[in-house]
Amino acid sequence: MKNLISRIGQSIKLPGLSFLMAFTITGIIIALSDEKVMNKIGSPIEFLKSAGASVGNAYLALFQGSIYDNRLAKSNFIEGFYPFFETIVTATPLILTGLSVALAFKSGLFNIGAQGQFIFGAIGASYVGFHFNLPIGIHIFAAAVAGMFLAAIWGGIVGFLKARTGAHEVILTIMLNYIAGYFILWLLKTKTFLRPGRIDPIAPEVAESARLPLLAGENFRIHAGIFIALAAALFVWWLLTKTTIGYKFRAVGANSQAARTAGISVPFVITATMMICGALAGLGGAVHVLGSEHALNADVAGSLGFDAITVALLGRAQPLGTVFAALLFGALHTGGRMMQSNTGVPLDIVVVTQGLIVLFIAAPVFVRYIFRLKKLNASAALTSKGWNG
Amino acid sequence: MSLELKAITKTFGSLTANDSINLKVETGQIHAILGENGAGKSTLMNIVYGLLRADSGEILIDGKKVEISEPSDALNVGIGMVHQHFMLIPVFTVAENIMLGHEKSSKFRVLDLDQARAAIRTISEDFGLQVDPDAVVETLPVGIQQKVEIIKALIYEAKVLILDEPTAVLTPQETDELLNTMRDLKSKGTSIIFITHKLREVRAVADQITIIRRGKVIGAVSPTTSEAELASMMVGRAVDLAPAKYQHETGGAILEVKNLTVRDALGTPIVKGVNFHVNSGEVLAVAGVQGNGQSELARALINLEEHIEGSILLDGKEIRGASIKDSLHAGIAFIPESRELDGVIGSFSIAENLILDLHGQAPYSKGINLSAKVVHSEAEKRVTEFDIRTQSIMDAVSTLSGGNKQKVVIARELSRPIKVLVASQPTRGLDVGSIEFVHERILAERDAGRGVILFSTELDEVMALADRIAVMYRGEILDIVHSNVTREELGLLMAGVTSAKAGA
């Protein structure tokens, strides 16, 4: 037990400290960019006071916008959790895309392509969702499977090309992201996908029977997708630790040469990994469409596929870590909006925080230096590994 | 010039690599430092050469204390070093390599190669090191490249020359030549620190021998000490230097290789149409200087190479072109040349490494479900059987010593039914104790009726274990000789000289 606690402590030390440093620096930026604070630069005490107030207000707003806001708890305290439910809604697709990137890391691959895979997942789910009439339950299942299937093919193309020709997955996935991004633009102009009566790129809404059930009633957006995401995290954990397939993935990821020498087929691992990664990101797209968006639009993926990389890194490519990292990012996004409207601190500052967190995680030596730590078993190897071809 | 080390101590974390080491190299003396891998020889020399800094202790030159904090300091006080892996740029000429870092230019910033050439000729004549200054380094044999390294050190007036495992890459003839060069240098007053674990060479050339074990000086002895005594000082217990090669039964051919050609990615043949066979209950050694196609041939036997032509018959069945997995499971155990790169997965536990080739079959897995229970219980058995020294089977393999890593590889490869064992440089970089263990296992496999193909560049190993010896030179098998061949004959074959006499 003690061992377990120290192991958990070890594994969250680096992300935790990076987190702390990122928030410290963000705080400094918030203070320095606040005119009211800078006007008091003449008197140090007033300056610090007002800086503290400015940063405190901003972070309070961030909290209220992402976790709990007592001002919203009018009839009962559950309503105060509205921001937290929003956080979960934002985090749900991010968990799935994050898992996609994390699983690829475990096989030694850098999946930049979650964005494109997400888009194909959304397309598949959307089409089945609005085009067919199926019984409730089956409809959701069929739509999700269609999305995963398309995305698995989209990811599988990368795996196949890399395994066959040695082309680098980073280049391939970036290029396929472009293609997916423009493909959806085109698709939304076709007769099949363009919503009747509209000229802007938006598809018909998915049928009621294809929508994920809401968890807390009509007033909240939180839907059953979070359970799908958590189940996916459990699946990835199971796959990696309990199955021969996951064992092969990890072996190739850790030392592909030794794996090959022992008879493990590296092309199989690369292709299978990319297909499963595609399916995970595609499920993210499906859940996003079936759970909260309900209609496919050109910007359906936002930056969910790219944030996934950050999330996977922050979660140290572990399924559970990825879940927490996605929740954190979800909180930053939803809370950032409140921060912007309440205190005037721009939403972009949240992106700065995200960037800083990842920067510190990728530079463990720096964090170690700042905190005078002896040793951190860092995820730096993780960051650099994806590039070794 | 004399070099004295006083109470040199260096620790890495909890490991004491050098524990208050005292050493004195007299002017014009060849001082051998003998020790197993990991004994602390390299650490000590890196301190002397300024690549590492000692925690405490002093370095004295001619009785005066000197500070050496980087290699240029070492060069300035007259210490030169020839590294085990040469620090030469292959596409540069000898002269260009030697002037590197000390370039002198004439008018218009044109490199003054003439000056470098002249300097090289002077050194060549003074020390009897014949080298063409205009030869491109990559076209030179390894022995000559080593001479270039030595010249490089001498040209900057090294009076103490450190040679780190200099014979590891040489043929027996080249080794003899190097030993002569060392004697020449000594007679001109150069002091030499000779680092090695090869007992024969030490006794042939050293004036004084210091033995290091686990970071401590165990003793300073004269070269008249017997090999057995030196070995036991190195290891700390009595060592069996020549494993028993008693009479044993040999069966029919179990693996036959016909007209096998291996090409690299560019289509250049690395192995050129070789033919040989190994019988069950027999050790066939493939000897040769490193880089003559042995590595590729070994890898080709389990289809690890991409471009293979010809035929590999295992027990009469063609396996060329099969997948690596199928080749292994047809009954070939494979000990790869590079443990770290090809043999084990460092970040995986011992238990996980032991199933690298077995995870897909019963009892380790059912369908896609891996049985942690069986994996662990089997790992416990292997750890006991193969004497893998570890605290737990869950420890990462990267925490093990080289010898124990190799035991993990061997345990894995020998724990499935096999007909042939292909071992590629199985004792490279291992300590004497582990070498003994590996040799025992190889002979045990032979006695159990497997065919063993041993790829080795160590002549002693080849002579001690083999029944027949195939010598590779530039991708071809020059000859297959009986193991009663002499070292000299074998050496000539390894250098590419065939004669009727060497045949058997």
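**Close-ups of a two-chain predicted model**

**View 1. Where chain B meets chain A.** Here 22 residues of chain B are in contact with 16 residues of chain A (contact: C-beta atoms, placed from the backbone, within 7 Å). On the chain B side, α10 (324–329), α11 (339–343) and β18 (369–370) each chip in at least two residues; helices (H or I, at least four residues) and strands (E, at least two) are DSSP runs, numbered from the N terminus. That side of chain B splits into 12 nonpolar, 7 polar and 3 charged residues, with Ala, Val, Leu, Ile, Met, Phe, Trp, Tyr, Cys and Pro as nonpolar, Asp, Glu, Lys and Arg as charged, and the others, Gly among them, as polar.

This is a predicted model, where local features need pLDDT of at least 70 and side-chain atom pairs pLDDT 80 or more, while totals for chains, interfaces and linings use all residues. Residues are numbered from 1 along each chain as its sequence is written, and chains are lettered from A and ligands numbered from 1 in the order written.

**View 2. Helices α6 and α7 of chain A.** The axes of α6 (138–165) and α7 (169–187) of chain A come within 10 Å and cross at roughly 145° (lines fitted to C-alpha atoms, for helices over the stretch in contact; angles run from 0 to 180 degrees between N-to-C directions). W154(A), I157(A), V158(A), L161(A) and K162(A) of α6(A) meet E169(A), L172(A), T173(A), L176(A) and A180(A) of α7(A).

**View 3. An open sheet in chain B.** Its 6 strands run β6-β7-β8-β3-β9-β10 with mixed pairing (a pair needs at least two DSSP bridges). At the edges sit β6 (79–82) and β10 (216–221) of chain B. Strand β9 (208–213) of chain B pairs antiparallel with β10(B) over 5 bridges, and R213(B) stands opposite K216(B).

Note on methods. Contact = placed C-beta atoms within 7 Å.
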